[in-house]
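My notebook is open and the viewer is running. I'll jot things down as I look them up.

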Number of protein chains: 2
Amino acid sequence: MLRNSSRGRGRPRTFDESEALDKATQIFWSKSYDGVAIDDLIAGMGVGRQSLYSVFGDKRTLFLRVLRTYAERKGAVAAKALFAPPALRDAIAGFLRHAVDVATEEGSVRGCLMVCVAPLVDDTEVRQFLKDAAAGGVALVERRFRDGISAGEIPSDFPVTTRARQVIDLARGLTMHAQLGAPRKTLLADAEEAAELVLLSPRGG
Amino acid sequence: MLRNSSRGRGRPRTFDESEALDKATQIFWSKSYDGVAIDDLIAGMGVGRQSLYSVFGDKRTLFLRVLRTYAERKGAVAAKALFAPPALRDAIAGFLRHAVDVATEEGSVRGCLMVCVAPLVDDTEVRQFLKDAAAGGVALVERRFRDGISAGEIPSDFPVTTRARQVIDLARGLTMHAQLGAPRKTLLADAEEAAELVLLSPRGG
DNA sequence: CGAATTTCTTAGCATTTGGTCCAAAAATCC
DNA sequence: GGATTTTTGGACCAAATGCTAAGAAATTCG
């Protein structure tokens, strides 16, 4: 049943689907769902109106796809930042620095799709996705903390769940500062301080 | 020069200006700037179209006024929560609980105008206002920390500025959790834990 | 080449948008 | 009562919105 493959029968497309998706991400990112008109997408993605609808569905569907792709990609990088360094402290700091990197990427708009844009989309599916994504982030950090306990880097009574949530909260805080224009240098210092904070011993005082 | 006062010459208004403003706050809060149509405001504020424009200016101007009023009011309550309790720990916890209260107010939409709505308004003036407001919040908490040092509740090398910023970040985190639907009870517990975290001694560990 | 298939391009549609205009209504001042 | 002033209510407008329809263009298959 091996058909000759890739190119089907009709007129070939003049755009790359995943490239167009990346462009769409930038557009939503910079103009925030409601602020994006279909014409903005057409102009920015290099896709004709009709093609846009037939390939990506309507605006809402496109946004969901953008969001899912974005989350998957960034999530993978975050996990890497979190689990690659052997030292727990480097891992947490790296994770937070990663948040800063995303939020201050050159050539892109400040902030983050999932923190600064998506929460405002009044849509059940989007909201649920964000909930799940946040929970996933917390779970990831939590697991890293547990590894740290196994390695003897933090005490066994370290409040892993609570602290993991706080790491996510602080990351969001960094992102929002970035959106308001805080310089990258400051943010990176803040990330370091945040890592220090969440690693303090629960008995410290 | 004492004119008879209050009521001027023409036809009396059929609405209360500050009441209408409150209504507008709720509308923007629940539908997020771009999602609000002028007709929504007319219907929700109980003000005719013409009156709306002549009294409050255009949509952007109205939003700015709503934002300023909101910030002033909530800021006053926050300051009270922060400086009324004699114990530093109660003050910080109270401040964070206040954030939860605002974000989970009964009859109102989840979240907070300044955290969940305003950041997405692509407007220089709004952005600047948010920057200033955030800086103001940090300064407030910072001052409270200093009082705590004077009172001997925390060591004199306590990193007041850093920790104050982190308090604000954590408050924002609580607000965003609230927006995503976290139950109030959970949030209040989180607030308590956040207070505990930021009060840990910098040497703890 | 001609039929079939897919994509592209242009035009168009109904609705909604933010905002203005103007005459009628309701009050005060003389 | 009549002039003045302010607010009201509704009609109105140009522009933008999300989306659909229909035919032309470009490719593969026989």
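**Two helices in chain B**

I started with H7(B) and H8(B), which are oblique to each other, since oblique is the word for angles that are not under 35 degrees (roughly parallel), over 145 (roughly antiparallel) or 65 to 115 (roughly perpendicular). Before going on, I noted that this is a predicted model, where local features need pLDDT of at least 70, side-chain atom pairs count only at pLDDT 80 or more, and totals for chains, interfaces and linings use all residues. Residues are numbered from 1 along each chain as its sequence is written, while chains are lettered from A and ligands numbered from 1 in the order in which they are written.

Helices here are DSSP runs (H or I, at least four residues), numbered from the N terminus. I looked up the angle for H7(B) and H8(B): about 125°, with the axes 8 Å apart. The axes are lines fitted to C-alpha atoms over the stretch in contact, and angles run from 0 to 180 degrees between N-to-C directions.

Which residues make the contact? On H7(B) I found, among them, Ala134(B), Val138(B) and Phe145(B); on H8(B) the list includes Val160(B), Ala164(B) and Ile168(B). Contact means C-beta atoms, placed from the backbone, within 7 Å. By class I get eight nonpolar, two polar and four charged (nonpolar: Ala, Val, Leu, Ile, Met, Phe, Trp, Tyr, Cys and Pro; charged: Asp, Glu, Lys and Arg; polar: the others, Gly among them).

**Chain B meets chain A**

Next I checked the interface: 30 residues of chain B touch 32 residues of chain A. On the chain B side, helices H7 (124-150), H8 (160-179) and H9 (184-198) each give two or more residues. H8(B) has the largest share, with nine residues. I sorted that side into eleven nonpolar, ten polar and nine charged.

How are the copies related? Chain B goes onto chain A with an RMSD of 0.1 Å, by a turn of 180° and a shift of 0.0 Å along the axis (a least-squares fit on C-alpha atoms of residues with pLDDT of at least 70 in both). The two copies are thus related as by a two-fold rotation axis. The copies meet through the same surface, because 100% of the interface residues of chain B are also interface residues in chain A.

**Around DNA strand D**

Last, I counted 27 residues around DNA strand D (near means a C-beta atom, placed from the backbone, within 6 Å). Ala37(A), Gly10(B) and Arg11(B) are among the closest. H3(B) gives the largest share, four residues. By class I wrote down six nonpolar, ten polar and eleven charged.

Notes
Two residues are in contact if their C-beta atoms, placed from the backbone, lie within 7 Å.
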